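This report examines a ligand site and the internal spaces of a protein model. The sequence and structure are shown first, and the description follows.

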Amino acid sequence: MDQPWPDTSGLPQTPDIPDTPLLDDELPPDHHSGFVAIVGKPNVGKSTLLNHWLGVKVAAVSSKPQTTRSRLLGILTREDAQVIFVDTPGVHHPRTALGDYMVSVAESAVPDADLVLLMVDLASPLEPNDQHAAALVQRFVNVPAILVMNKIDALDPSQQEARQAAYRALGQFDREVVISARQGTGTDALLEEVLRRLPLGPRFYPADQLTDQSERFVAAELIREKVLENLRHEVPHAVAVMVTDFLERDNGVLYLAATIFTEQESQKGIVIGARGSMLKRIGSAARVTLEEFFGQPVYVDLWVKVRRNWRTDPRSLRELGYG
Ligand SMILES: Nc1nc2c(ncn2[C@@H]2O[C@H](COP(=O)(O)OP(=O)(O)OP(=O)(O)O)[C@@H](O)[C@H]2O)c(=O)[nH]1
Ligand SMILES: [Mg+2]
């Protein structure tokens with residue numbers, strides 16, 4: 001029989017974007033602020049760019065498509081501006097209720113944004129999902145858009161011109177830029193382009209806040225990242241992670257318990273591995289990344305449970321934060 005759900009009543013929900021900006025008398029009169037949605041097909045490097053700009057990994061990144069499943073704000077605060085980046089799931093043709101949710105998250109980020117970055121992968125040819133993402137962006141003509149061509153480091157230079165021409169034909173853009181989010185090439189210049197397009201405005205979030213999501217959410221995402229990194233084929237996509245305990249111990253160690261949900265018993269076996277070897281590997285990798293994020297020793301306690309077909313069950317999706 002499936003395990004009961006952990007008690008999630010104490011978990012913070014994703015807050016809505018605030019309507020009322022914070023007042024800050026110290027800000028210069030020409031302070032700019034705004035929301036910048038990063039949109040594109042899966043695996044183009046949206047979350048990598050967000051992490052790069054924040055200087056901290058808050059968003060899960062992996063070589064598997066459809067890593068990001070929820071909206072995540074990355075807040076960059078400077079003296080002269082506050083940029084609120086909106087990381088979104090990759091736009092694709094969904095096959096599950098989870099996929100429907102993911103694409104709807106990406107779609108809903110565009111109309112509320114002050115600027116959209118449509119990201120494409122220069123290292124691979126244009127695909128229908130690029131057109132799907134571009135159509136979504138172009139639907140909102142009043143939101144300015146920059147075409148961000150990523151992964152220049154992985155492109156054969158002889159192909160650059162043809163690739164850029166193909167991606168440029170995706171639509172009308174305010175500007176196009178070529179970057180490597182992984183290596184940080186062109187990202188400062190892109191940030192300046194972004195800042196130039198933001199309206200005058202105050203800070204919406206406190207200067208020391210990095211994201212709208214809770215520490216529990218970020219921890220669950222970073223654990224899921226390790227599942228994605230270590231497992232293959234369909235298994236990583238059938239996994240959801242929920243942090244069930246998060247406590248600061250007297251000895252300065254952060255104790256974190258999390259449940260990894262799979263859809264089938266066989267997937268549970270794969271996540272655990274022979275004599276627990278895979279779960280141990282996921283836990284060790286997660287600990288390293290979590291210690292970097294929290295800046296303190298972390299103890300990770302992982303559990304694996306089956307929740308049948310959670311990706312197609314509306315109640316399960318809601319309980320796991322996808323809906
Ligand atoms: N070579 C190269 N790889 C990159 C670059 N940026 C990102 N990547 C890699 O591309 C893969 C996908 O990166 P993500 O940041 O997870 O991509 P995403 O667009 O957020 O993907 P989804 O969340 O699935 O939509 C990872 O393996 C990254 O390391 C880059 O500039 N150059
Ligand atoms: Mg992502």
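How many Å separate an oxygen atom of ligand 1 from an N or O atom in the side chain of K46? In this predicted model, the separation is 2.8 Å.

**The ligand site**

The contact with K46 is one of several polar contacts listed below for ligand 1.

| Residue | Protein atom | Partner | Distance |
|---|---|---|---|
| G45 | polar backbone atom | oxygen atom of ligand 1 | 2.9 Å |
| K46 | N or O atom in the side chain | oxygen atom of ligand 1 | 2.8 Å |
| T48 | polar side-chain atom | oxygen atom of ligand 1 | 2.5 Å |

Taken alone, ligand 1 exposes 650 Å², and the protein buries 93% of that area. The shell around the ligand comprises 22 residues, of which K46, T48, Q66, T67 and D153 are the closest. Helix α1, spanning residues 46-54, supplies the largest share of this shell, with 3 residues. Sorted by class, the shell holds 12 polar, 6 nonpolar and 4 charged residues.

**The pocket that holds the ligand**

Ligand 1 takes up the space of the second largest pocket. The volume of this pocket is about 420 Å³. Its lining consists of 24 residues, and those closest to the pocket centre are N43, G45, T48, S62 and K151. G45 contacts an oxygen atom of ligand 1 through a polar backbone atom, whereas T48 does so through a polar side-chain atom. As with the ligand shell, α1 gives the largest share of the pocket lining, again 3 residues. The lining is made up of 12 polar, 7 nonpolar and 5 charged residues.

**The cavity**

A search of the whole structure for cavities of 30 Å³ or more returns 1. The largest cavity has a volume of about 50 Å³. Its lining is formed by S47, A59, A60, T68, R69, S70, L72, D87, F217 and E221. By class, 4 of these lining residues are nonpolar, 3 are polar and 3 are charged.

**The surroundings of S214**

F217, one of the residues lining the largest cavity, also takes part in a contact with S214. The backbone nitrogen of F217 is 3.1 Å from a polar atom of the S214 side chain. Where does S214 lie relative to α5 and α6? S214 belongs to the loop between these two helices, α5 covering residues 187-196 and α6 covering residues 215-230. Along the chain, S214 and L254 are 40 residues apart, and their C-alpha atoms are separated by 15 Å.

Conventions: Residues numbered from 1 in each chain as written. Chains lettered and ligands numbered in written order. Predicted model: local features only at pLDDT ≥ 70, side-chain atom pairs only at ≥ 80, totals over all residues. Heavy atoms only, no water. Near = heavy atom within 4 Å. Polar contact = N/O pair within 3.5 Å; in protein donor to acceptor, adjacent residues only side chain to side chain. Areas by Shrake-Rupley, 256 points an atom, 1.4 Å probe, with all protein chains shown as cover. 1 Å grid on protein atoms, 1.4 Å probe; cavity = no way out; pocket = protein on both sides within 12 Å on 5 of 7 lines; lining within 4 Å. Sits in = over half its atoms within 2 Å of the grid points. Helix = DSSP H or I, 4+ residues; strand = E, 2+ residues; numbered from the N terminus. Nonpolar A, V, L, I, M, F, W, Y, C, P; charged D, E, K, R; others polar. Points joined across faces, edges and corners; volume = space filled by probe spheres on them.
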